[in-house]
Amino acid sequence: MVEPIGPRSLRELTRIIFSRLVVVIVIIALITVGTLIVCLKAPNYYSSSVTFLVKEPRPQNPTVQTVPTYRSLEVFIKTQHEIITSQTVLARTWTILTDPKSSAAVKWQSARQAWQEDSSEENWQLFLQALKELDQEAERRKTDPQIGERFRSEIRQFAKAIEVEIPGGAEVTLSEIFTVSVVQPGPPLRAQNAADCLAKNYVDRYREVQATSSRNAVQFMRGRLASLKQQRLLKAEAALRNFVEKELDSPSDVGILEQLTRAGTEAGRQITVRRFNEEIILIDGGLAEASQQKRQLLEQLPKGLWEPGTRLDQKGELTVPDIGRLAENKLPDNDPILTDIVTIIPETTLKNNVIISQLKAKEVSLLIELNRLKVEYNDEYRGVRDKLTEISRTRRQILRELIGEASSLDIKIATLAARKDEFSRKLEQELKRLDRITTQLVRYQELQNEVALAREEYRKVSSELASALTFQEQEADAITINIVDDAKLPDVKRPVYPRTVLYTLIAAVVGLLLAMAYAFLADHFDHTLGSIEETERYLGVPVIGSIEKGGKGLLT
């Protein structure tokens with residue numbers, strides 16, 4: 001009968017363990033020694049790491065969509081992880097590690113060294129050519145019927161041995177430092193070379209991607225700019241030029257179209273009418289003033305200067321008398337018109353005609369002298385007769401000048417009337433022209449808008465091209481990835497695994513646990529009565545005597 005496992009005393013526990021002490025020690029020794037032997041026989045794996053400092057780039061590349069600031073570094077570091085574990089970087093690294101003396105590996109080392117010493121465009125192109133040959137060598141090995149499968153398998157194993165660590169864990173994305181570790185079997189130098197080669201190929205690939213991106217952006221923007229110029233801008237300008245040259249009557253129509261575009265059709269019509277009406281109003285003002293001056297002037301002339309029936313025209317307006325009427329054979333000096341009538345001259349005429357003003361002053365002076373002589377002498381006095389003759393001649397000159405002034409006003413009136421008619425005719429023509437041009441306004445605006453949009457887009461693309469060129473120039477010298485710590489040579493006494501001491505201690509603890517489990521299970525399923533107490537407990541009767549164990553022989 002198996003007794004259920006219950007509480008045991010310390011003495012019973014000690015008895016159980018020590019009754020099977022040999023087996024317990026054997027179990028612990030077997031597990032511990034076996035683990036130790038396995039660790040000593042297993043190849044040692046060493047880890048070497050490279051630490052990078054990320055200088056977050058601020059791209060001005062117009063073909064690259066920017067990421068919000070709070071996520072840009074996170075996205076950037078994740079992108080670097082993808083580049084490190086990309087097939088291109090892994091294949092290049094493994095190709096160099098497996099055969100560092102191959103022509104592709106040697107050329108890569110030489111070109112890389114030359115470009116680091118002199119970052120010229122020529123060395124950069126040579127370096128890109130070396131990378132291209134290295135890619136070709138890696139591809140050749142991948143597709144080789146004999147070693148292709150093994151080479152691809154080794155790359156997959158190498159990828160598993162790479163670990164990218166971010167300080168604080170993957171969720172902490174504000175750090176600008178990350179570490180790349182590589183674990184490799186064999187001597188510590190192999191792990192160091194693997195980490196160093198991987199770091200170099202990662203930096204090379206990053207710079208290659210940057211250069212390719214910026215170069216492709218510049219080429220794309222240039223192609224877009226040329227296409228935009230040929231397919232849109234030049235076509236839009238040609239369409240507008242053809243419209244102006246063939247559909248408009250004169251180049252001046254463009255000015256009217258521009259005015260209508262700015263002010264609108266109705267406003268443009270009102271502006272045109274107002275402009276002409278202002279001119280016509282000015283002419284009407286001049287006409288009224290000249291007509292009034294002419295009428296005032298003619299009203300002051302003696303009626304005897306007109307032939308009977310010729311003083312008024314058909315419209316009832318005063319006419320200009322014939323200046324021949326002032327000839328001495330028709331109008332002698334002793335004629336009452338010259339001797340008795342004093343002509344009143346309008347003030348405007350005196351201001352405008354200096355000769356009339358001077359003659360009028362002379363007349364006044366002669367009249368004053370005549371009056372002074374008449375006080376002393378009679379009319380028959382020679383001096384008085386000479387003054388009368390001189391006054392008559394002065395008045396004849398005044399009348400001649402007044403008739404001439406009236407004729408000038410008549411010409412001015414006719415000229416202003418002709419100008420008014422001309423402006424009225426031009427207004428009518430402009431209105432007709434405006435009506436005709438208005439029908440072409442929509443088409444002109446469409447062409448103008450197309451040209452404006454094409455020029456604005458061309459300007460925008462030109463600005464983007466300039467930004468891309470600036471970004472390309474800045475990117476050539478900008479280093480966004482720096483190696484802070486180079487790959488170190490691992491300590492030969494401290495492999496990553498196996499960790500002999502740790503694994504042996506763990507094996508000893510596991511062996512002890514297994515041995516204890518064995519001891520308690522063996523005791524639990526053992527039905528042998530090993531003591532007087534067990535006998536009395538199991539049988540329920542007292543023991544009256546005992547016989548010592550006598551070995552394996554029979555008792556007699």
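User: Why is C197 called buried or exposed in this model?
Analyst: The model is predicted. C197 has a relative accessible area of 6%, and buried means under 20%, so C197 is buried.

User: What makes C39 count as buried or exposed?
Analyst: The relative accessibility of C39 is 6%. The cut-off for buried is under 20%, so C39 counts as buried.

User: How many disulfides does the structure hold?
Analyst: The structure holds zero disulfides. To count, a pair of cysteine sulfur atoms must lie within 2.5 Å.

User: Why is α13 called roughly parallel or roughly antiparallel to α14?
Analyst: Helix α13 (residues 354-376) packs against helix α14 (residues 382-438) at an angle of about 160°. Angles over 145 degrees count as roughly antiparallel, so α13 is roughly antiparallel to α14. Their axes are 9 Å apart, and the crossing is left-handed.

User: Which classes of residue make up the contact of α13 with α14?
Analyst: Twelve nonpolar, three polar and ten charged residues form the contact.

User: Which residues touch the most other members of the largest nonpolar core?
Analyst: They are F52, F158, I162, L198 and Y202, in a core of 26 residues. Membership requires a buried residue of a listed nonpolar type, joined through side-chain atoms within 4.5 Å.

User: Which elements give two or more residues to this core, and which gives the largest share?
Analyst: Strands β1 (45-54) and β3 (177-185) do, together with helices α3 (69-84), α4 (87-98), α7 (148-160) and α8 (188-247). The largest share, seven residues, comes from α8.

Methods
Residues numbered from 1 in each chain as written. Predicted model: local features only at pLDDT ≥ 70, side-chain atom pairs only at ≥ 80, totals over all residues. Heavy atoms only, no water. Axes fitted to C-alpha atoms, helices over the stretch in contact; angles between N-to-C directions. Helix = DSSP H or I, 4+ residues; strand = E, 2+ residues; numbered from the N terminus. Parallel < 35°, antiparallel > 145°, perpendicular 65-115°, else oblique. Left-handed = near helix turned anticlockwise from the far one by under 90°. Nonpolar A, V, L, I, M, F, W, Y, C, P; charged D, E, K, R; others polar. Buried < 20%, exposed > 50% of the residue type's maximum accessible area, 1.4 Å probe, protein only.
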